[in-house]
Amino acid sequence: MGITRKTKSVDLLLQEFDKESGAISTTTLIDRLSAEINKTTIYRVLDKLEDDAIVHSFMGSKGVKWYAKCQGCAKHDHHDVHPHFQCSNCGKMECLSIEVSIPKIEDREVLSSRILIQGKCVECSS
């Protein structure tokens, strides 16, 4: 797929990621942009942005999909393999810049892994 041209929808979604330091849920994006972009277009553009390694996605609690900006990924080299932290109190989601070692599993090739750590963020645990 990929972004072949920059449209108003692409610009609006990218602006949302520029405003946030952490991840944004699809439900939040839909709430924020529903007056300007329909839900189907939001999902379609997010898929294209992920194909182009501009954002990466992961599942949060309750099956909600989240997106965050990629850091140094290339279209054919998505390497945002890191854990994510979700505050169980306020719901804030963050990408964690820590190394996690995925064990080798006999007779299997691991292509991806998703780790979600839940607890209280700095603001909620004070």
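This passage describes a small set of strands and a pair of packed helices in a predicted model.

The strands come under consideration here before the helices. Three strands form an open sheet. Their order is β5-β4-β6, and the pairing is mixed. Strands β5 and β6 lie at the edges. Strand β5 covers residues 93-95, and β6 covers residues 116-119. Each of these edge strands pairs on one side only. From one strand to the next, the twist averages 25 degrees.

Strand β4 spans residues 84-87. Strands β4 and β6 run in the parallel sense where they pair, and four bridges join them. At one position, C87 stands opposite G119 of β6.

The helices are α2 and α3. Two packed helices are described by the angle between their axes and the distance between the axes. Helix α2 comprises residues 26-33, and helix α3 comprises residues 39-51. The two pack at an angle of about 130 degrees. Their axes are 10 Å apart. An angle from 115 to 145 degrees counts as oblique, and α2 and α3 are therefore oblique to each other. The crossing of α2 past α3 is right-handed.

Residues from both helices build this contact. Helix α2 contributes T26, L29, I30 and L33. Helix α3 contributes K39, I42, Y43 and L46. By class, the contact of α2 with α3 holds six nonpolar residues, one polar residue and one charged residue. The polar residue is T26, and the charged residue is K39.

Conventions
Residues numbered from 1 in each chain as written. Predicted model: local features only at pLDDT ≥ 70, side-chain atom pairs only at ≥ 80, totals over all residues. Heavy atoms only, no water. Pairing = 2+ DSSP bridges. Axes fitted to C-alpha atoms, helices over the stretch in contact; angles between N-to-C directions. Parallel < 35°, antiparallel > 145°, perpendicular 65-115°, else oblique. Left-handed = near helix turned anticlockwise from the far one by under 90°. Contact = heavy atoms within 4.5 Å.
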